[in-house]
Amino acid sequence: MKKLHEILQIVLLVYFGAFLIFFLGFGSLGGMFGMEEITADAMVTVFLIGVVIFLISWGTSSMAMKGLNEQMSKREIEMNSLKAKLYDFEHPKTTQITPAAAPRTTKPGESDQSNIAKRQNITD
């Protein structure tokens, strides 16, 4: 679809470029095509053909962008799932007892040997 869009943009450019040159040099080029004057019907026909080519080109570009956005969203979802799997491999769930959940082994008369300083009450 992307290639078709590029081709249609080139066709549109050539179409309007050729008619721009034709209408600028109409005095000398008009006789070659059997035209004595430019009629409103001829201008409307040229304009409508150009608009149709433009709309087809615009439609293909929007379809190409939609396809690219869908591919990008699928790849982002895939990348996120792979990141989750990698995280799970690097950080496996262990059943180690955390220090907060471990039972206290100190007796009521013994002092706690932890590195945490005891709380001090400060009064003014």
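**A walk through a three-helix model**

Of the 124 residues in this protein, 11% count as buried. Keep in mind that what you are looking at is a predicted model. The protein exposes about 11400 Å², and carbon and sulfur atoms supply 64% of that area. As for secondary structure, there are 3 helices and 0 strands, and from the N terminus on the elements run α-α-α. Among contacts with a separation of 6 or more, 63% come from residues 24 or more positions apart.

Let's start with helix α3, which covers residues 40-90. This helix has 51 residues and reaches 74 Å from its first C-alpha to its last, close to the 75 Å expected at 1.5 Å a residue. Where does α3 hide its side chains? The buried residues there are V46, G50, I53, S57, T60, S61 and A64, and the buried residues of α3 pack against α1.

Now flip to the other partner. Helix α1 spans residues 2-24. With 23 residues at 1.5 Å each, α1 should span 33 Å, and its end C-alpha atoms are indeed 33 Å apart. In α1 the buried set is H5, L8, L12, Y15 and F22. What covers them includes α2 (26-29) and α3.

S57 gives a close-up of how the two helices meet. S57 belongs to helix α3 and has a relative accessibility of 2%; the cut-off for buried is under 20%, so S57 counts as buried. Which residues does S57 touch, leaving aside those up to four places away in sequence? They are H5, L8 and Q9. Two of these names, H5 and L8, are already familiar from the buried residues of α1.

A couple of C-alpha distances help you line things up in the viewer. L13, in helix α1, and I53 are 40 residues apart along the chain, yet their C-alpha atoms are separated by 9.9 Å. I53 is one of the buried residues of α3, whereas L13 is exposed, with a relative accessible area of 63%. For another check, take G67, also in helix α3. G67 and M1 are 66 residues apart along the chain, and the C-alpha separation is 9.0 Å. At 28% relative accessibility, G67 counts as partly exposed.

M1 deserves another look. M1 is found in the segment before α1 and is partly exposed, with a relative accessible area of 48%. Together with L4 and M63, M1 makes a nonpolar surface patch of about 300 Å².

Next, the charged side chains. Side chains of opposite charge can pair when their charged atoms come close. How many salt bridges turn up here? The count comes to 1. The partners are E6 and K3, with the closest N and O atoms 3.8 Å apart. That falls inside the 4 Å cut-off, so the pair qualifies as a salt bridge. E6 and K3 sit 3 residues apart in helix α1, so they are separated by about one helical turn. The two partners fall into separate accessibility classes: E6 is partly exposed at 36%, while K3 is exposed at 59%.

Finally, the aromatics. A pair of aromatic rings is described by the distance of the centres and the angle of the planes. A search of the whole structure finds 5 aromatic pairs. One of them joins F22 and F23: the ring centres are 5.4 Å apart and the planes stand at 65°, so this pair is edge-to-face. Edge-to-face needs an angle over 60 degrees, and that is why the 65° of F22 and F23 earns the label. Buried or exposed, where do the two rings fall? F22 is buried, with a relative accessible area of 11%, while F23 is partly exposed at 24%. Zoom out a little and you will see that ring pairs link Y15, F16, F19, F22 and F23 into a cluster. Y15 and F22 from that cluster are also among the buried residues of α1.

Notes. Residues numbered from 1 in each chain as written. Predicted model: local features only at pLDDT ≥ 70, side-chain atom pairs only at ≥ 80, totals over all residues. Heavy atoms only, no water. Phe/Tyr/Trp six-rings, centres within 6.5 Å; stacked < 30°, edge-to-face > 60°. Buried < 20%, exposed > 50% of the residue type's maximum accessible area, 1.4 Å probe, protein only. Salt bridge = Lys/Arg side-chain N within 4 Å of Asp/Glu carboxyl O. Helix = DSSP H or I, 4+ residues; strand = E, 2+ residues; numbered from the N terminus. Expected span 1.5 Å × (residues − 1). Contact = heavy atoms within 4.5 Å. Areas by Shrake-Rupley, 256 points an atom, 1.4 Å probe, with all protein chains shown as cover. Patch = residues over 30% accessible without salt bridge, like charges linked within 9 Å, V, L, I, M, F, W, Y side chains within 5 Å.
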